Amino acid sequence: MSELTTSSAWVAGLAIVAMIIAGWRKPARATAAFARVNRRSRPVSLAEVPVRRHRRTPAWRVAWSVSSLTVLAVAVAAVLATLVAFGLAFAIITLTDLLRS
C-alpha cells in the first residue's frame, strides 16, 4: 500500500474513534425529566377564536409557477445533455485514439 492510502486509513480510523467518543459522552436524545412524574395536571382553559378561511391560490400564481418550473427543467436538462454529450465525445475520441495506436 502507498503512503497516501495508509495515512488516509489512519485519518478515517481516528475520525471514527472521535465520533464514537463524542457520541458516548453526549447523547443525541435528551433524557427524561423525572421531576415531572409527580406533578398534578391542572385544567387548561381553551378559547374558540374565529379565524379566516383558507383561500385558494390564484390561477395566475399557479400558471406562473408551472411555467417557471418548466423553464428551469428545460435549462437543467440542456446543461445535463451538454455535459453528457461532451463526456461521451471525450470517451469516444479517447477510445478511437487507443485503437489507432
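This passage describes the helices, the solvent exposure and one surface patch of a predicted model.

The protein contains two helices and zero strands. Helix α1 spans residues 3-25, while helix α2 covers residues 59-100 and thus counts 42 residues. From the first C-alpha of α2 to the last, the helix reaches 61 Å, a value close to the 62 Å expected at 1.5 Å a residue.

With regard to solvent exposure, buried residues account for 0% of the 101 residues in the protein, and helix α2 is accordingly hardly covered, the count of buried residues among its 42 residues being zero. The accessible surface of the protein amounts to about 10700 Å², and carbon and sulfur atoms contribute 69% of this area.

On the surface, Ile-16, Met-19 and Ile-20 together make a nonpolar patch of about 340 Å². Of these residues, Ile-20 lies in helix α1 and has a relative accessible area of 56%, so it is classed as exposed, given that the cut-off for this class is over 50%. In an α-helix, residues three or four places apart point the same way, because there are 3.6 residues a turn.

Note on methods: Residues numbered from 1 in each chain as written. Predicted model: local features only at pLDDT ≥ 70, side-chain atom pairs only at ≥ 80, totals over all residues. Heavy atoms only, no water. Patch = residues over 30% accessible without salt bridge, like charges linked within 9 Å, V, L, I, M, F, W, Y side chains within 5 Å. Areas by Shrake-Rupley, 256 points an atom, 1.4 Å probe, with all protein chains shown as cover. Salt bridge = Lys/Arg side-chain N within 4 Å of Asp/Glu carboxyl O. Helix = DSSP H or I, 4+ residues; strand = E, 2+ residues; numbered from the N terminus. Buried < 20%, exposed > 50% of the residue type's maximum accessible area, 1.4 Å probe, protein only. Expected span 1.5 Å × (residues − 1).
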